[in-house]
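Q: Could you take a close look at one part of this structure, the open sheet and what packs on it, and walk me through it as a newcomer?

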Amino acid sequence: MHLVIAVSDVDRAYDFYREVFGWTSHLEWPGEYTELVVTDEDRLGLYRRDGWAETTGVEPVEVNGRVSPAYLYVRVDDLDETIERLRKAGARPLSRRAARGWGDEAAWFADPDGNVVAVARSL
């Protein structure tokens, strides 16, 4: 999986995801784009909004206090610790931590750009 999201500030977004999940970059165009290693095969690209628009040919939607219509779902080993790191990193809580019907306990947050991140653990 390789997911690329539009962000207003690549450095701020990188700091957020590194602080919360410990993901580090393996590819960088300073201030423009960075690609985080999620797993041996999976990557999360953080692309500055104007570069994202130039590459895709369309302007990413302005969320203006709202959130993106898609979310990143991350299973973690320690849900309590990850939720605390999200709070410390300035994530906005969206949906409280709860048991979900598919067998996970999960909570949803918005990153500083309104991109939605769910964190979960199997019950």
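A: What follows describes the sheet strand by strand, then the helices that lie on it, and then some of the salt bridges.

The model is a predicted one, and the part in question is an open sheet of four strands in the order E1-E4-E3-E2, with mixed pairing. Strand E1 (2-7) and E2 stand at the edges, and because each has a single partner strand, one side of each is left without a neighbour in the sheet. Direction ignored, neighbouring strands of this sheet are turned by 15 degrees against each other on average. As background, strands of a sheet pair through backbone hydrogen bonds, either parallel or antiparallel.

A good place to begin is strand E3 (residues 33-37), where four of the five residues are buried, so this strand is largely enclosed by the rest of the structure. On one hand, E3 is joined by four bridges to strand E2 (residues 25-29), and these two strands run antiparallel. Within that pairing, Trp29 stands opposite Tyr33 in E3. The hairpin of E2 and E3 has three residues between the strands, and Gly31 there takes a positive phi near 75 degrees.

On the other hand, E3 also pairs with strand E4 (residues 43-48), again in the antiparallel sense, over five bridges. The connection from E3 to E4 is a hairpin too, made through five residues. Tyr33, already met opposite Trp29, has Tyr47 as its bridge partner in E4.

From E4 the sheet continues to E1, and here the two strands pair in the parallel sense over six bridges. One of the residues involved is Val7, whose bridge partner in E4 is Arg48. Helix H2 (residues 49-56) packs on the sheet, where it touches E1 and E4, and its direction makes about 100 degrees with that of E4. The buried residues of H2 are Arg49, Gly51 and Ala53, and these buried residues pack against E1 and E4. Just after H2 comes Gly57, which takes a positive phi of about 85 degrees.

Another helix has contacts across the sheet: helix H1 (residues 10-21) lies across E1, E2, E3 and E4, running at about 155 degrees to E4. The length of H1 can be checked, because its 12 residues at 1.5 Å a residue should span 16 Å, and its end C-alpha atoms are 16 Å apart, which agrees. Turning to its side chains, the buried residues in H1 include Val10, Ala13, Tyr14, Phe16, Tyr17, Val20 and Phe21. These residues cover an arc of only 160 degrees around the axis, which means that they are on the same side of H1.

Coming back to Arg48, the partner of Val7 in the strand pairing, its side chain meets that of Asp50 in a salt bridge (2.7 Å, N to O). With a relative accessibility of 25%, Arg48 counts as partly exposed, and Asp50, at 43% relative accessibility, counts as partly exposed as well. Salt bridges also appear elsewhere in the model, where the count comes to 10.

For a view beyond the sheet, one may follow Asp80, which forms a salt bridge with Arg97, the closest N and O atoms being 2.2 Å apart. Asp80 lies in helix H3 (residues 79-88) and Arg97 in strand E6 (residues 92-99), so the pair ties together parts that are 17 residues apart in sequence. Asp80 counts as exposed, at 51% relative accessibility, whereas Arg97 is partly exposed, with a relative accessible area of 29%. Arg97 also forms a salt bridge with Glu105, and in that pair the closest N and O atoms are 2.7 Å apart. Glu105 is buried, since its relative accessible area is 13%, where buried stands for under 20%. Through salt bridges that share partners, Asp80, Arg97, Glu105 and Arg121 are joined into one network.

Terms used: Residues numbered from 1 in each chain as written. Predicted model: local features only at pLDDT ≥ 70, side-chain atom pairs only at ≥ 80, totals over all residues. Heavy atoms only, no water. Salt bridge = Lys/Arg side-chain N within 4 Å of Asp/Glu carboxyl O. Buried < 20%, exposed > 50% of the residue type's maximum accessible area, 1.4 Å probe, protein only. Pairing = 2+ DSSP bridges. Axes fitted to C-alpha atoms, helices over the stretch in contact; angles between N-to-C directions. Contact = heavy atoms within 4.5 Å. Expected span 1.5 Å × (residues − 1). Arc of directions from axis to C-beta.
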